[in-house]
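The paragraphs that follow are meant to be read with the coordinates open, moving from one region to the next. Please keep the sequence at hand as well.

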Amino acid sequence: MSLLALEDIRKSFASTEGPVPVLQGVSLSVDAGRVVALTGESGSGKSTLLHIAAGLETPDAGRVLVGGQDMAALPDAGRAQLRRGTVGLVFQQFNLVPSLTVGANLAFQARLAGVHDAGFCADLAARLGLSDLLARYPEQLSGGQQQRVAIGRALAARPKVLLADEPTGNLDEATGDAVFALMLELARAQAAALLLVTHSARLADMCDRKVLLRGGRLA
Ligand code: ADP
Ligand code: MG
């Protein structure tokens, strides 16, 4: 069974000229332990698709199944639990909690999910090169450092479905490669389903499958 299944997802956004279709019937599934790279031009709807998969935005039509469960069919509490515990999202714009230190940001999602493990968190921080930054606040970090915290926060919660929106977009090539390899390693070790947006053909080639979003559909 696919851990994540998107079925015929459609989404339009309102504009002054009427609704603008962004996703026009996107179907995609990711099995446990598999890594899928999502590519597509800027504005093609990649972030929108990830937000829908994470349950942060509602599709106009179509279904999102996580572990076989239809997100829309769940009661609010069940959907919230799925979002907190099962699905992780690394935002394109990081979305760190500004009032929390790096250490607290790293632990944040795992605590919400009830799986916080200080040792695992410290190990992740070390592997992401964040060990010396744990007492800092997000505004005291560079973009690349913030991005690594965002990745660590998602990984610390050990999600079964991990969605990552251009997770290495702010990192230099060597750091990006190392962080990408870490995400793949953990996803495979935990038999998670990993769907990530990348503009790097090289990184996409490291994934099990590549899909291209164009004209509102997957090519
Ligand atoms: P990508 O991540 O591939 O660059 P996005 O999913 O961010 O693309 O955006 C796809 C299209 O949808 C763009 O034209 C964008 O302007 C539009 N869009 C995204 N979110 C919204 C929103 N909340 N309201 C209106 N338009 C949006
Ligand atoms: Mg985007």
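Which residues does Gly-45 touch, not counting residues up to four places away in sequence? In this predicted model, Gly-45 touches Val-22, Leu-23, Leu-213 and Gly-216 when those sequence neighbours are set aside. Gly-45 itself lies in the loop between strand 3 (35-39) and helix 1, and this glycine counts as buried because 25 other C-beta atoms lie within 10 Å. As a reference for distance across the model, Gly-45 and Ala-191 are 146 residues apart in sequence and 27 Å apart in space, C-alpha to C-alpha.

Gly-45 also belongs to the surroundings of ligand 1, which is encircled by Phe-13, Val-22, Gly-40, Ser-42, Gly-43, Ser-44, Gly-45, Lys-46, Ser-47 and Thr-48. Sorted by character, the residues of this shell are two nonpolar, seven polar and one charged. The element that gives the most to the shell is helix 1 (residues 46-53), with three residues.

Helix 1 deserves a closer look for its surroundings. It is mostly covered, eight of its eight residues being buried; these are Lys-46, Ser-47, Thr-48, Leu-49, Leu-50, His-51, Ile-52 and Ala-53. Just after helix 1, Gly-55 takes a positive phi of about 80°.

From helix 1 the reader can cross to strand 7, where Asp-165 is found. Leaving aside neighbours within four places in sequence, Asp-165 is in contact with Ser-47, Leu-50, Val-90, Phe-91, Gln-92 and Val-197, and both Ser-47 and Leu-50 are among the buried residues of helix 1. Asp-165 counts as buried because 23 C-beta neighbours fall inside 10 Å. Asp-165 and Leu-212, 47 residues apart in sequence, are 14 Å apart in space from C-alpha to C-alpha.

The loops on either side of strand 7 each hold a residue with a positive phi. In the loop between helix 5 and strand 7 (161-165) is Arg-158, whose phi is near 45°, a positive value in a residue other than glycine. Arg-158 counts as buried, since 20 C-beta neighbours lie inside 10 Å. In the loop between strand 7 and helix 6 is Glu-166, which has a positive phi of about 45° although it is not a glycine. Glu-166 is buried as well, because 20 other C-beta atoms lie within 10 Å.

The two helices that these loops lead to can be examined as a pair. Helix 5 (residues 143-156) and helix 6 (residues 173-189) pack at an angle of about 5°, with their axes 12 Å apart, and this angle makes helix 5 roughly parallel to helix 6. Where they meet, Gly-144, Arg-148, Ile-151 and Leu-155 in helix 5 face Thr-175, Val-179, Met-183 and Leu-186 in helix 6 as contact partners. The residues of this contact divide into five nonpolar, two polar and one charged. An α-helix has 3.6 residues a turn, so residues three or four places apart point the same way. Elsewhere in helix 6 is Glu-185, which is exposed because it has 11 other C-beta atoms within 10 Å. Although Glu-185 and Gly-33 are 152 residues apart in sequence, their C-alpha atoms are 9.6 Å apart in space.

In soluble globular proteins, nonpolar side chains tend to be buried together. In this model the largest nonpolar core has 61 residues, and those with the most contacts inside it are Leu-4, Ala-53, Val-161, Leu-163, Leu-194 and Leu-195. The largest share of this core, six residues, comes from helix 5. Val-161, with neighbours within four places in sequence left aside, is in contact with Leu-3, Leu-4, Val-66, Thr-86, Val-87, Ala-192 and Ala-193.

A last stop is helix 3 (residues 102-113), in which Asn-105 lies. Asn-105 counts as buried, because 27 C-beta neighbours are found inside 10 Å. Not counting residues up to four places away in sequence, Asn-105 touches Leu-96, Val-97, Leu-100, Pro-138, Val-149 and Arg-153. The C-alpha atoms of Asn-105 and Pro-21, which are 84 residues apart along the chain, are separated by 35 Å.

Technical notes: Residues are numbered from 1 along each chain as its sequence is written. Chains are lettered from A and ligands numbered from 1 in the order in which they are written. This is a predicted model: local features need pLDDT of at least 70, side-chain atom pairs count only at pLDDT 80 or more; totals for chains, interfaces and linings use all residues. A residue is near a molecule or strand if its C-beta atom, placed from the backbone, lies within 6 Å of it. Helices (H or I, at least four residues) and strands (E, at least two) are DSSP runs, numbered from the N terminus. Ala, Val, Leu, Ile, Met, Phe, Trp, Tyr, Cys and Pro count as nonpolar, Asp, Glu, Lys and Arg as charged, and the others, Gly among them, as polar. Axes are lines fitted to C-alpha atoms, for helices over the stretch in contact, and angles run from 0 to 180 degrees between N-to-C directions. Angles under 35 degrees count as roughly parallel, over 145 as roughly antiparallel, 65 to 115 as roughly perpendicular and the rest as oblique. Two residues are in contact if their C-beta atoms, placed from the backbone, lie within 7 Å. A nonpolar core is a set of buried Ala, Val, Leu, Ile, Met, Phe, Trp, Tyr and Cys residues joined through C-beta atoms within 7 Å. A residue is buried if 20 or more other C-beta atoms lie within 10 Å of its own, exposed if 12 or fewer, and partly exposed in between; C-beta atoms are placed from the backbone.
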